[in-house]
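Trainee: I should like to go through the reasoning behind the terms applied to this model. May I ask for the grounds of each one?

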Amino acid sequence: MKILVTGAGGFIGSHLTDFFLARGDSVFALDSVPWDARNYLWVHRDNHRLRYFCDSILNEGLMRYLVRETEAVYHLAAAVGLDNVIGQVLKVIEVNVRGTELVLRLAAEQKRRVLFTSTSEIGGKSPKLPFREDDDRVLGPTIVDRWVYSETKALGEYMCFGYHRAGLPVSIVRFFNVYGPRLDREGSGRVITRFLRQALQNQPIAVIGDGKQTRCFTYISDVIQGVVAAGERPAAIGGIFNLGTPVETSINELVEIVCKTVGHRPPVKYVGLDEVYGKGYEDIARRVPDVERARRVLDWVATTPLEIGIWETFRWLSSCTVLPDDDIDG
Ligand SMILES: NC(=O)c1ccc[n+]([C@@H]2O[C@H](COP(=O)([O-])OP(=O)(O)OC[C@H]3O[C@@H](n4cnc5c(N)ncnc54)[C@H](O)[C@@H]3O)[C@@H](O)[C@H]2O)c1
């Protein structure tokens, strides 16, 4: 197949592109990150089945060409991570809402199948666990920037359903804390790579909050299987699927696993939420997926144990010549 992957230069998009190329597909990869030796897809530079376009999803002329020339669209490009969200609400709305509307509209015009990537943040701070795909959403006030990411992804989902009703074959996946090699481009450290980096450099491991908050860390190779199933199975059209492990790990437990992986124990320091994110920021205590629908329709479950996934992430991070910068993101 000929497949368009937006956000192909990012963490999940580059793994997805690897998967399609390994399967023998051709990929049109679009991302705003430059095409040079630091690009995760640079290893494929001699592969004639990959064409890389360094541009924005907001470039309508280019997007029209890319959608027309391919048979399916995997839409991953987005403003992701708190460092791209806090203080930048207009940019988040532009990329995540306008960009997604353009992708969906062009795909509808050309009758292409679309896979839209959404997030566990959709549920916000809902106390009802586990999160089902059709549960109510509980969000904070609009004066707090952190909720805009959830809102823009929810608008993306609304648009998917709107276009689906008009005939577009589209499916939606919601990711739960995906991790693995390439998790972070320099400067946008998420918790696993941030802890690994701090441990590797023998700096104190900085836990934000009391460390009792839990996350369901889901390994990248599991996620790629789920994304492809949701993007290809006929029964997935028109559906939303949680892609996450239901296994909860507290941030304090994560510190232990990281120390075991790295082989030594730096001191742990606890940092207040306000200190890092500013006043009004609320962390989410628990975020657990209900994975019944993904199991039933996609025949998908996450199987990689956290210790194995962290080991693989550690091996990748150790091989990076420049370690990703320290930053703040869960
Ligand atoms: N990693 C996770 O745990 C997680 C969780 C929930 C949802 N998601 C979603 O999965 C998708 C991929 O996330 P990721 O973790 O790989 O993040 P990432 O930041 O590594 O990848 C996103 C990519 O989109 C690109 N991009 C941003 N704006 C663009 C634009 N205007 N034009 C072209 N490219 C642009 C970025 O350069 C980046 O390479 C995103 O849609 C994200 O919202 C990820």
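Trainee: How many residues of domain 1 are in contact with how many residues of domain 2?

Mentor: In this predicted model, 28 residues of domain 1 touch 28 residues of domain 2. Each counts as in contact because its heavy atoms come within 4.5 Å of the other domain.

Trainee: Which parts of the chain make up these two domains?

Mentor: Domain 1 comprises 2-178 + 216-243, and domain 2 comprises 182-215 + 247-286 + 304-319. Their C-alpha centres are 25 Å apart.

Trainee: What area do domain 1 and domain 2 bury between them, and which residues of domain 1 supply more of it than any other three?

Mentor: The two domains bury about 2,400 Å², with 56% of it on carbon and sulfur atoms. On the side of domain 1, Tyr40, Phe217 and Tyr219 supply 30% of the area buried against domain 2, more than any other three residues.

Trainee: Why is the pairing of Arg182 and Asp18 called a salt bridge?

Mentor: The side chains of Arg182 and Asp18 meet with an N to O distance of 2.9 Å. The limit for a nitrogen of Arg and a carboxyl oxygen of Asp is 4 Å, so the pair qualifies. Between domain 1 and domain 2 the count is 1 salt bridge, while 5 residue pairs are in polar contact.

Trainee: Which helices supply at least two residues each to the side of domain 1 that touches domain 2?

Mentor: They are α1 (11-23) and α6 (220-232). The largest share, 4 residues, comes from α1. By class, the residues of that side of domain 1 divide into 14 nonpolar, 7 polar and 7 charged.

Trainee: Let us turn to the ligand. Which of the 25 residues around the ligand come nearest?

Mentor: Asp31, Leu76, Tyr149, Lys153 and Val178 do.

Trainee: What makes the approach of Leu76 to the ligand a polar contact?

Mentor: A backbone N or O atom of Leu76 is 2.8 Å from a ligand oxygen atom. The limit is 3.5 Å, so Leu76 meets the criterion. The side chain of Thr117 places an N or O atom 3.2 Å from an oxygen atom of the ligand, and a polar backbone atom of Ala78 lies 3.5 Å from a ligand oxygen.

Trainee: What is notable in the backbone at Pro130 and at Asn177?

Mentor: The peptide bond from Leu129 to Pro130 is cis, with omega near -10 degrees, and Pro130 sits in the loop between β5 (113-119) and α4 (147-165). Asn177 has a positive phi of about 40 degrees although it is not a glycine; Asn177 belongs to the loop between β6 (170-175) and β7 (178-179).

Key:
Residues numbered from 1 in each chain as written. Predicted model: local features only at pLDDT ≥ 70, side-chain atom pairs only at ≥ 80, totals over all residues. Heavy atoms only, no water. Domains from an automatic or database assignment. Buried area = accessible area lost by both parts, 1.4 Å probe. Polar contact = N/O pair within 3.5 Å; in protein donor to acceptor, adjacent residues only side chain to side chain. Nonpolar A, V, L, I, M, F, W, Y, C, P; charged D, E, K, R; others polar. Near = heavy atom within 4 Å.
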